[in-house]
Amino acid sequence: MMDTIVKNLNKIADGSPGGEALYGHRLLMVPKTEDVDNPNNYRPIAISHQLYKLLCTLKMKRIEKHVKEYLHPAQFGMSVKA
């Protein structure tokens with residue numbers, strides 16, 4: 001099963017047809033307050049596919065190894081500390 005997943009991930013990474021649907025997001029409107037009649041009281045939340053999140057995490061892990069040496073120490077607020 002893992003071979004199938006890796007093969008499909010590689011196809012998507014190579015830009016093969018069919019990967020476009022992966023990058024689409026569903027937009028969900030969440031009310032900020034209990035006043036649901038006022039359109040200004042909603043905020044949009046983008047719902048991503050789990051496979052898209054996995055791909056982003058894998059890319060981040062690969063890039064993070066190489067970027068650390070170029071970043072100033074003050075820029076490590078969002079990165080994982082080893």
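## Exercises on a predicted fold

Of the contacts in the protein (heavy atoms within 4.5 Å) with a separation of 6 or more, 30% are between residues 24 or more positions apart. The model is predicted, with local features needing pLDDT of at least 70 and side-chain atom pairs counting only at pLDDT 80 or more, while totals for chains, interfaces and linings use all residues. Residues are numbered from 1 along each chain as its sequence is written, and side-chain values use heavy atoms, leaving out hydrogens and water.

**Exercise 1.** Establish the order of the secondary structure and where confidence is lowest and highest.

*Solution.* Begin with the elements, which are DSSP runs numbered from the N terminus (helices H or I, at least four residues; strands E, at least two): there are two helices and two strands, in the pattern α-β-β-α along the sequence. Next take pLDDT, the predictor's confidence in each residue from 0 to 100, which has a mean of 76 over the protein, with 78% of residues reaching 70 or more. Confidence is lowest in helix α1 (residues 2-13), at a mean of 73, and highest in strand β2 (residues 42-47), at 86.

**Exercise 2.** Determine what share of the protein is buried and what supplies its exposed area.

*Solution.* Counting as buried those residues under 20% relative accessible area (1.4 Å probe, protein chains only), one finds that they make up 10% of the 82 residues. Turning to the surface, by the Shrake-Rupley method with a 1.4 Å probe, the protein exposes about 7,300 Å², of which carbon and sulfur atoms supply 60%.

Definitions and conventions
Buried means under 20% relative accessible area, exposed over 50%, partly exposed in between (1.4 Å probe, protein chains only).
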